[in-house]
There are 2 protein chains.
Amino acid sequence: MRRGWNGITISRDTIHIEGMELGYKKPVLFERHAVGGEYGAGFKAGIGKGKVVTVHLGADGDATIVDQRDLSDDNNAVVTYHNPIDNVTDLAHHFFARCLVADGGEGVVPYVVVSRTRKGVVPYVVTKKTVFKWQEGFWVAMKEVFDAHYKDNPGPSAGELPHLISDAATMQIIRWTGGGFGMAAHNYDGDMLTDEVAQVHRSPGFINSVLIGKKASGDANGEIIKEYEASHGTVADMDAARLRGEETSLNPLGMALFGAMDHSADLAGGREDVKDFTASLRKIVHKCMVEGKGTRDLCGPSGLTTEQFIDEVASQIGKDVSAATAAPTKPVAAEKDRGEGALRTSTMRLSMRSSTSSTRTATA
Amino acid sequence: MRRGWNGITISRDTIHIEGMELGYKKPVLFERHAVGGEYGAGFKAGIGKGKVVTVHLGADGDATIVDQRDLSDDNNAVVTYHNPIDNVTDLAHHFFARCLVADGGEGVVPYVVVSRTRKGVVPYVVTKKTVFKWQEGFWVAMKEVFDAHYKDNPGPSAGELPHLISDAATMQIIRWTGGGFGMAAHNYDGDMLTDEVAQVHRSPGFINSVLIGKKASGDANGEIIKEYEASHGTVADMDAARLRGEETSLNPLGMALFGAMDHSADLAGGREDVKDFTASLRKIVHKCMVEGKGTRDLCGPSGLTTEQFIDEVASQIGKDVSAATAAPTKPVAAEKDRGEGALRTSTMRLSMRSSTSSTRTATA
């Protein structure tokens, strides 16, 4: 499906709630290339000794050997995939522009990556290109956009786009709890690393997930599509429980409801009244969370059920919530251990398109 | 090189020092399949629109199409690799046997995975097989060995080998700080996840790295080879600094010197005097660390240089160190941020073969 609507990137950012201590102090932004890699691989498993040849037949009719190898084992799995690079340019603009305005940034180029004198977060490109040489193309596409549009004035190493090796990124995600950084990575690295970010930030409930694509035809050709996903894997399970009459605890943060409504308002020509409403609603939800009146998955047994939470939020609409303050609180760990069964249900998670609702099957 | 001596697995385990608080309370064991995957991939980058076909030519002369795909982008990277499965059986025995005796385990089958009534650590197989279907073969090979040799008596879910999805593993590695578990994974997952384990356990200096292979010919056919690596990436840099006359701080834990000496003693027919010596030496090194007389990379500026540390350890040899106790201390963060440059040097790290010394180039 991501391919069907020209998926570019899956943006996953940390959610921050005033008055609540989570894992990262400042925002962490992530772009995961939405296409290519092993998710689109072809393979044969259980094949024996022999030779494997991969050939590219170009549009010009020329044939090039991509790889040839001998298999000496009796049992082998052989895998071929490709990384399409063309839309990495779109990913790069989306990423660097987001990093510039994150954390109160002024959205002003040039970046000053090293000195961090401007607001915004520091963008890193994360690959394993030192060993997986074919990943160089992703880095080059990112760097070309950065150097042409976002680079600092010349100076000693100021404004250079930093690169981080994927395995080093697994370590820095744990160390850099101050936040204030962004990472852009290939599809599978993005899958692994964003789940790690979610855990450091306490729960998948505190990280959003927005699929960014582009309309490829029709009146709105080139228009950006944003699909807001539930980033936790239990929504479908919870709805089944609700239908059975059981108590549920569904928090609205991971579903990024407000972001979806805001993007709809943008597409409808900028409905400021909608944005005022979502801003107020977000404030109310945060206030409830901080005061221990969040849903039980985040606030523990003394929190509210889904229905109680909706009633509580509804009762606050229209009231002045600007004075909502409390001592910083820590949420409870929201996620149960994710075994195989739990993950399988997560592929059925609900999501909302920015303009229409649809049920989708995620590829990860 | 790993291929040259029939590499099976890279075992990376947490190092624990009595009296020093590190990340995991109990041991964490890891097996990373030493061959196959993207490390041995063939590829072509920067290729354009066209068709890609991968064909397997079996030893029987039959041709099978592994994959065919159309490329629609102007810039693509195409990648083919294979996972040889034959030696996963050896990996499985090595892993399950190690898990049984870890953490004071008695090395007794059957495992009781769920109830954990016996000592040892719980073995997990980690793959992305729910999406990357070709990884099923690795799981099947692991499970066959487990069920045939290590499985518990029949009972309600007792003794079942647990499986964990790779991205869920990135989260559990952060959550399960009690330790007491093992993980076995494919090559690239193992690269990413062991670095994450190292960071949670405070430093790459507190995790070892042992390449396990098997002699394939000659008198000692089938004999296990163990290559003890320096698990931090700075040994070569540090030796260059030493030769320039600069101060260095080289801790001997990550290099697993003692393990290498013990394995040599085994190969030489079991020299118990050598093992007594290494046991005593390990105790002395741990005592120094706990008392703040470790090397400066782990104990901070008030610690010792490499030469001072060697002198300190030498002065303790032969003394009774059994009474070495101190209040639990925390080490300083040992590793600087690993940028591209730092990692590049790590490919030149020194290592020791169990019987001979050699300089090698790691593939990761």
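**Exercise 1.** In which sense do E4(A) and strand E4 of chain B pair, and over how many bridges?

*Solution.* The structure is a predicted model, and the strands are found in it as follows. Begin with the two strands themselves: E4(A) pairs with strand E4 (residues 50-58) of chain B in the antiparallel sense, and nine bridges hold the pairing. Next, take one residue and look for its partner across the chains: Gly58(A) has Gly50(B), in E4(B), as its bridge partner.

**Exercise 2.** Find which strand of chain A is joined to E4(A) by eight bridges, and describe the hairpin that these strands form.

*Solution.* The strand is E5(A), which runs antiparallel to E4(A). One of the residue pairs to locate is Thr54(A) with its bridge partner Asp67(A), which belongs to E5(A). Then follow the chain from strand to strand: the hairpin has four residues between E4(A) and E5(A), and in this hairpin Gly61(A) takes a positive phi near 90°.

**Exercise 3.** Determine how E6(A) is joined to chain B.

*Solution.* E6(A) and strand E6 (residues 76-84) of chain B run antiparallel, with nine bridges between them. To see the pairing at a single position, select His82(A), which has Val78(B) of E6(B) standing opposite.

**Exercise 4.** Describe the interface of chain A and chain B, first by its area and then by its polar links.

*Solution.* The size of an interface is often given as the accessible area lost when the parts come together. Here the area buried between the two chains is about 7300 Å², and carbon and sulfur atoms give 58% of this area. Of the area that chain A buries against chain B, Trp134(A), Met171(A) and Met192(A) supply 10%, which is more than any other three residues. Turning to contacts, 80 residues of chain A touch 80 residues of chain B. As for polar links, the rule finds 42 residue pairs in polar contact across the interface, and it also finds two salt bridges there. One salt bridge joins the side chains of Lys128(B) and Asp191(A), with 2.6 Å from N to O.

**Exercise 5.** Is Gln199(B) buried or exposed, and which residues of chain A is Gln199(B) in contact with?

*Solution.* First place the residue: Gln199(B) is part of helix H4 (residues 187-200) of chain B. Its relative accessibility is 9%, and since buried means under 20%, Gln199(B) counts as buried. Finally, leaving aside neighbours within four places in sequence, the contacts of Gln199(B) are Met171(A), Ile174(A) and Arg175(A).

Definitions and conventions. Residues numbered from 1 in each chain as written. Chains lettered and ligands numbered in written order. Predicted model: local features only at pLDDT ≥ 70, side-chain atom pairs only at ≥ 80, totals over all residues. Heavy atoms only, no water. Contact = heavy atoms within 4.5 Å. Buried area = accessible area lost by both parts, 1.4 Å probe. Salt bridge = Lys/Arg side-chain N within 4 Å of Asp/Glu carboxyl O. Polar contact = N/O pair within 3.5 Å; in protein donor to acceptor, adjacent residues only side chain to side chain. Pairing = 2+ DSSP bridges. Buried < 20%, exposed > 50% of the residue type's maximum accessible area, 1.4 Å probe, protein only.
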